[in-house]
Amino acid sequence: MPDTQTEESPTSPLNADDIVEKLAQADFLSGLLADPDVKAALLGEIRELGFRPPLHYVVLRLITALVAKSESFIGKAISSRLQAFIAKVPALAGLLERLITIQHGKETNDALKTSILGAITEGRPFDINAIEIDNTTPIETMLALHNVQGFERVLGGLDGQTDTLIRTFREDISNLFQNMVAPALSWPPEVLSPKGAFDRVKYTSGLDQLYGRDKEITLLHQFAGDLSLCGRLFNFRWMLLTGDGGTGKTRLAYDFTRKHLNQHIWDAGRLSIDDLPGFNDLEKWRPRQPTFIVIDYVSGHPEKTGKLLRILARKAAHYDFPVRVLLLERKADENWLGKMLPEDGDKPMVMNHIFGHEDEKGRIIPPVDATAIKKMMKERFAKAGQTPPDDALLLAAAQRVDTRPHDANLPRPLFALATAEAMMAEAEKEPEAQPDFAKIAALLNQEDVLAGMLRREEHTRWQPAAPNDGGGTLTRYKLALALATLTKGLDLNDLDTKQEDYGPFARHLPDPPPDHHQGMISALGGSHTFLPPLEPDIMGEFFLAETLLNDISRHRHSFLSATLEKGHIEPLITLLRLQQDFPQKIAAIDIPAAMLACQTETAAFSYASMAPDWVNQCYRSHDPDAADSFMKSVKHLVTQFDKNAKIALSEAKATFNICHHTGKKGEWERVDAMMARLDALRSQFRSNHEIALEEAKAAFNICIDADQSGDEERIKAMLHRFDKLRSKFSENEEIAQEEAKAAVNICLYALESGDWERVDTTLSRIHTLRSKFNENEQIARCEARAAYNISIGAAQNRGWERVEAMLRRFDALRSKFSENEEIVQEEAQAATNICIYAATSGDWKQVEAMLRRFDTLRSQFGQNEKIAIEEAKTAFHICFHAGESGDWKQVEAMLRRFDTLRSKFGQNEEIACLETNAAYNLSVIATQSGNWEQIEATLSRIDTLRSKFNENEEIVRWETKAAFNISLIATQRGNTERVKAMIARLITITNTFGVKFVVDESNGQPSTLADAINYVTEIQGNKP
């Protein structure tokens, strides 16, 4: 793993900061660095240090800009970049120090020049190309050229940074940057001596190392990238990491940005999404140093986060420094993802910048392994001066406390630490006795551990800060903290209207400023008049639940309704997380009962808007009864507020979700009940196209589930629903898209059963939709997918007439949607499969037709790699069949196609693997016929591919198999020299991949390179 924190040069006693600072003070260097001889010598030396052209120009440009005082008007852009280069190539520090230490005194300019040349070169020759560049060529341009192979010559000679140049740019640049405000990135300070129970399990506790996250740290290093690179896509990257509460997402980001990124180079930390207005004008913001932004709990502000991502993606080409945005959330839910990245014209632009070519659902952080869990628990005991119990007991205790099922029954880090704290607290009750940890662990449960932490927090932090008034102030502020946890933060100034907001319950809340209690606010983790939610978030949820159930049990429903009456999303997110993490607590709180008692429309809508996620969680936790209870209350709200279409829409979405879960299990009685409810909602809101869309989505899913179970009548019923929906909402494209998707799936199942009449009927349905919505690309993609499926089914049965009909559909679609690459990719896949079936049956006329089609596609979509891969697959299969039939002319034509594809997509390993596989097949065919000329040609082709992709194991396997087969045939024919050449080839492969490299498997037994070499050597030795 690269260590980007290294700042000390092994050749210099100065660190990077000292060198940059002293270089900036070396005024006398400014003019001399403009001298052609000095410049040439310095460039040569920088090249020798390992900075390949044109990167050596970038380094020189940074040096000249620094000594010319350019730093004074463009911020830290120069010094931070130069520090990054020193960190990457420490020997650069030695060169810079030699320049700094030159004492010129009263030397003449020529003598000083001679001193500098000596200091730079130390007698070593230099050799650079005569490159002419313009003074104003930006560093970004040079770096971009550096990232494109083959650009050995770039824009021309560097002139010194003169005072005139500085004055010319100073006004424009200073005006540009003076109003720019960098993002306010920070983390809470590390708690040096955590006393409170909650502080001891927070990510800022400073008590623990980060255990079990080496792979994730490596991933984040890759995400941050190499600072010497650049380019539009590199300049901005984003990534979403998801994981359950307590898995350590925030701790991972905290550790990485503080301990693994060089703090002198990177501006890194957490950005509160509420601070986005702090960008005075985000469109004009330009990073002045590498920037790493962490945004936690994205689901609470998806629109703001999406706006940030869109702006960064749009402006990335203009950035001089990389920007990284790491998003953290528990689950990648389609609801908030759809708000963050709506399906519009900007989404593809943002998706181009996602790290690792993942989809927007990101990466799930895996659970920490058992070894790491045990280490972090033992460390807690060691720091407390206690002898920890054995590893197995520790792990078992943590598993008892973290009751939610996880992968491999591994407890989450937060619960593991809480368990260790609880065990130590129990042991300290009898300090003189030897603690019986087995007994302690056996008695632990989640409720006791978390409640114990809550009691310790109150005893050590909250009670000492409270006035001696019988607990009244503490009780009121605890309730305020619960409210802050529910709403993700509370400004006590908002309690100025507490009487209006909370009615009789207002007396249980503290008074607003200026009558607030600052000591209590500080003890609860707040500052000034602001109370943040209680952290860690899992503990905050537990505290909120305890407050609702025990402190205000009679008022909890009115308290929740009053909070939800404000219409904010944060309380809903908190309640949904509480449902996920503490299902027994949320059941006891009884949200459905609160809904039945709700009297205001805004609160009713807030409750109802939780329904889709609520029922999903119920079914994930195998609790359909809880889903039914919630849905009954939602139905009550729809009846109570019978004109509110938004409440009804929430019920429709939840009803669709229940259809989805129950349809997959074949629970048709439940499905029918849900569809009947959708009928009732659509009858109540006849013109509401959003409710109708939920019905259409449900019908689509039911078509799939019913077809898998062979329920023809149910499929017909769903198609009848689509007909009715289309007649009512004839202009609604989204409903039509659901119908088109259903038709595609029905068509596929009909093909699999050979029901061509049904195929034609469903294809006709798609055609009707396409005629109605002839500009809709998604419906067109459905038609393309259906044409692909039908063309394959027809080709399998030699139904070439039907194949031709589907190809004509592709022609029409390509003509209409000439820029839609997804449609064309369907066509390319169809052409590949048609070609395979045609070649298998020896229909070379059809083969040639498909090859001409690929020529057309390549001329129109020359940059599309997926189409190129399909063409490579086609060439691979034709090579095999043509070689088998001895048609070497056709083989050569296919090999020329591979050459063309390789010249265009030289970095594509999938195409290279297909070509290598083809070469292997040809070598087998050639060895069988003794065509040694063809064998040599195929080996030469494999050598070319191996030199390009020398670490690709699949290519090496095909080469190994080819060499092995050739050696066997050569042995049989007594061709000793060729056998020796093949053995030598195999031995060469072992130098890179080792003798244990697995070439093949047979009946579960691997065959290695060593096996291949030994076998060939043995049979050669036994050959008479």
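**Close-up 1. Two phenylalanines pair in this predicted model.** A residue is called buried when its relative accessible area is under 20%. Phenylalanine 997 has 7% relative accessibility, so it counts as buried. Phenylalanine 993, at 18%, also counts as buried. The ring centres of phenylalanine 993 and phenylalanine 997 are 5.1 Å apart. Their planes meet at 50°, so the pair is tilted.

**Close-up 2. Five strands make an open, parallel sheet.** The strand order is 2-3-4-1-5. Strand 2 (267-270) and strand 5 (363-364) are the edges, each pairing on one side only. Strands of a sheet pair through backbone hydrogen bonds, either parallel or antiparallel. Strand 1 (residues 236-242) runs parallel to strand 4 (residues 323-329), and seven bridges link the two. One partnership joins tryptophan 238 to valine 325 in strand 4.

**Close-up 3. Helix 11 and helix 14 lie across strands of the sheet.** Helix 11 (residues 214-224) crosses strand 1, strand 3 (291-296), strand 4 and strand 5. Its angle to strand 1 is about 160°. Helix 14 (residues 302-315) lies across strand 1, strand 3 and strand 4. Helix 14 runs at about 160° to strand 4. Which residues of helix 11 are buried? They are Glu216, Ile217, Leu219, Leu220, His221, Phe223 and Ala224. Just after helix 11 comes glycine 225, with a positive phi of about 85°.

**Close-up 4. Phenylalanine 559 sits in the largest nonpolar core.** This core holds 135 residues. Phe559, Ile591 and Tyr607 have the most contacts inside it. Helix 35 (residues 689-708) supplies the largest share of the core, 11 residues. Leaving aside residues up to four places away in sequence, phenylalanine 559 touches Leu479, Leu483, Leu486, Tyr502, Phe505, Leu548 and Ile552. Another core, of 64 residues, lies apart from this one. Its members include Ala750, Phe810, Phe817 and Ala828.

**Close-up 5. Tyrosine 203 and tyrosine 254 form an edge-to-face pair.** The model has 16 aromatic pairs. A pair of aromatic rings is described by the distance of the centres and the angle of the planes. For tyrosine 203 and tyrosine 254, the centres are 5.1 Å apart. The planes stand at 65°, so this pair is edge-to-face. Tyrosine 203 lies in the loop between helix 10 (163-178) and helix 11, while tyrosine 254 belongs to helix 13 (residues 249-260), so the pair ties together parts that are 51 residues apart in sequence. Are these tyrosines buried or exposed? Both tyrosine 203 and tyrosine 254 are buried.

**Close-up 6. Aromatic residues cluster, and lysines lie over rings.** One aromatic cluster is made up of Phe223, Phe256, Trp266, Phe292 and Phe355. Phe223 is also among the buried residues of helix 11. Elsewhere, lysine 488 lies over the face of tyrosine 297, 5.2 Å from the ring centre. Lysine 697 has its charged end over the ring of phenylalanine 656, at 4.9 Å from the centre.

**Close-up 7. Alanine 384 lies in a loop between two helices.** The loop joins helix 17 (370-383) and helix 18 (391-401). At 36% relative accessibility, alanine 384 counts as partly exposed. Methionine 424 is 40 residues away along the chain. The C-alpha atoms of alanine 384 and methionine 424 are 8.2 Å apart.

Definitions and conventions
Residues numbered from 1 in each chain as written. Predicted model: local features only at pLDDT ≥ 70, side-chain atom pairs only at ≥ 80, totals over all residues. Heavy atoms only, no water. Pairing = 2+ DSSP bridges. Helix = DSSP H or I, 4+ residues; strand = E, 2+ residues; numbered from the N terminus. Contact = heavy atoms within 4.5 Å. Axes fitted to C-alpha atoms, helices over the stretch in contact; angles between N-to-C directions. Core = buried A, V, L, I, M, F, W, Y, C linked by side-chain atoms within 4.5 Å. Buried < 20%, exposed > 50% of the residue type's maximum accessible area, 1.4 Å probe, protein only. Phe/Tyr/Trp six-rings, centres within 6.5 Å; stacked < 30°, edge-to-face > 60°. Lys NZ or Arg CZ within 6 Å of the ring centre and 35° of its normal.
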